[in-house]
Structure formats: C-alpha cells, structure tokens
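Here is a short briefing on one protein model with a bound ligand. Topics run from a helix to the active site, the ligand shell and the sheet.

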Amino acid sequence: MKRVLFVCLGNICRSPTAEGVFWHAVEEAGLNRHISVDSCGVGDWHVGKAPDSRAQVAALQRGIDISHLRARQLSASDFLEFDYVLGMDRDNLEAMRALQPSTSRAHVGLLLDFADLPDAEVPDPYYGGDEGFEHVLNLIEAASTGLIAQLRNDGLRNDRL
Ligand code: 4NP
C-alpha cells in the first residue's frame with residue numbers, strides 16, 4: 001500500500017480538491033486497493049470544516065464529490081505514516097519541512113513536480129473568483145496522471161503494485 005497526503009494552507013480548497021481528484025484517478029486506474037489518499041492543512045483555522053463551497057461546486061461539475069471531507073491539521077506523525085507528502089505551494093513546503101521528523105523517509109515535495117507543466121505551484125484560490133478553482137482543478141488533474149505513473153513505477157520496483 002502506498003499512502004499519499006496532500007497538503008495546503010487551510011485544507012478547505014486545494015488539498016481536499018487534490019484528495020478527491022486523485023482518488024477518482026486511482027479508482028479509474030483500478031488501484032484503490034494499492035493506494036490510499038488523505039489531505040490536511042498546515043494551519044488550524046478551518047479544522048473540522050467541509051471544503052469551501054466553491055471548491056465543492058467546481059469538483060462536482062467534473063463528477064467528483066468532496067462534500068464528505070473535513071479539514072484537519074498536518075502533524076509530525078503524518079511524515080511517518082505517509083509515503084508521499086505533497087504540498088501545493090512553496091510556502092506549504094517550507095512549513096512541511098519544518099515539521100518533518102529526522103526519522104521520516106517520506107518523499108516530501110510539491111504536487112506539480114509530477115505534472116509536465118511550466119507551473120511549479122497550485123495557487124491559492126481562496127480570495128479570487130471561480131476561475132481560480134477551475135485552474136486548481138486543471139493543475140491537479142494534470143499532476144494526478146504523473147503521480148499514478150510514479151506510484152506504479154515504485155510498485156514495480158518493490159514488486160507490490
Ligand atoms: P487552501 O485555501 O489552502 O487551498 O485550503 C485557503 C483557505 C483558507 C485560507 C487561505 C487559503 N484562509 O486564509 O482562511
């Protein structure tokens with residue numbers, strides 16, 4: 001089993017969208033018994049809340065329901081439990097690295113490292129319009145394909161996936 005954790009600032013816009021979109025891609029690839037997915041935020045402001053309604057609507061328009069997700073905060077133990085801990089932007093990554101225990105062997109990086117795109121970061125859509133949420137979905141969909149390819153490659157090397 002490969003475990004993937006998506007991280008953003010609040011865990012109400014980008015990372016729950018990534019959790020929903022990537023899980024959909026995992027199911028379509030028939031890998032749901034081999035990959036698990038979760039998301040969290042580096043901040044605690046929105047803990048316990050459902051995703052932002054704009055993120056819910058945008059995902060649902062692509063057939064992905066994220067209404068059941070609830071925000072939680074990143075903790076040091078996440079770096080021991082997950083194989084991939086993937087941030088949305090460089091600020092997230094800096095906060096993540098500050099929490100990563102020295103004993104953690106998790107791959108800690110940016111989600112868009114797995115996309116063949118010029119963009120390095122998934123920008124925060126919280127203070128913008130609906131088009132920001134569409135952009136977030138497009139970026140995450142592109143990276144999901146690459147991330148599944150990476151996990152398949154890991155699994156082949158470990159004879160597990
Ligand atoms: P997220 O977006 O990090 O993609 O969940 C944000 C949500 C809330 C805030 C900032 C970003 N906020 O400042 O409350």
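Helix H1 covers residues 14–28, and Arg14 lies in it. The model is predicted. Arg14 recurs below, both in the record's active site and beside the ligand.

**Active site**
- UniProt, in an unreviewed entry, places the feature "active site" at Cys8, Arg14 and Asp124.
- These residues span 117 residues in sequence, yet no two of their C-alpha atoms are more than 8.6 Å apart, so they gather at one spot.
- Cys8, Arg14 and Asp124 are also among the residues that surround the ligand.

**Ligand shell**
- A run of residues contributes to the surroundings of the ligand: Cys8, Leu9, Gly10, Asn11, Ile12, Cys13 and Arg14.
- His46, Asp124, Tyr126 and Tyr127 complete the list.
- By class, the shell holds six nonpolar, three polar and two charged residues.

**Polar contacts to the ligand**
- For Arg14, a polar side-chain atom lies 2.7 Å from an oxygen atom of the ligand.
- For His46, an N or O atom in the side chain is 2.8 Å from a ligand oxygen atom.
- For Asn11, the partner is a polar backbone atom, 3.2 Å from an oxygen atom of the ligand.
- The ligand taken alone exposes 350 Å², and the protein buries 91% of that.

**Sheet**
- Four strands form an open sheet. Their order is S2-S1-S3-S4, and the pairing is parallel.
- Strand S2 (35–41) and strand S4 (107–110) are the edge strands, and each pairs on one side only.
- From one strand to the next, the twist averages 20°.
- Strand S1 (residues 2–8) runs parallel to S2, and seven bridges join the two.
- Cys8 stands opposite Gly41 in S2. Cys8 thus links two topics here: UniProt lists Cys8 in the active site, and Cys8 belongs to strand S1 (residues 2–8).

**Annotated domain**
- The unreviewed UniProt entry places "domain: Phosphotyrosine protein phosphatase I" at residues 2–150.
- That span is 39% helix and 15% strand.
- The end C-alpha atoms of residues 2–150 lie 11 Å apart.

Notes. Residues numbered from 1 in each chain as written. Predicted model: local features only at pLDDT ≥ 70, side-chain atom pairs only at ≥ 80, totals over all residues. Heavy atoms only, no water. Near = heavy atom within 4 Å. Polar contact = N/O pair within 3.5 Å; in protein donor to acceptor, adjacent residues only side chain to side chain. Areas by Shrake-Rupley, 256 points an atom, 1.4 Å probe, with all protein chains shown as cover. Nonpolar A, V, L, I, M, F, W, Y, C, P; charged D, E, K, R; others polar. UniProt positions renumbered as here; feature names shortened; annotations may be inferred. Pairing = 2+ DSSP bridges. Axes fitted to C-alpha atoms, helices over the stretch in contact; angles between N-to-C directions.
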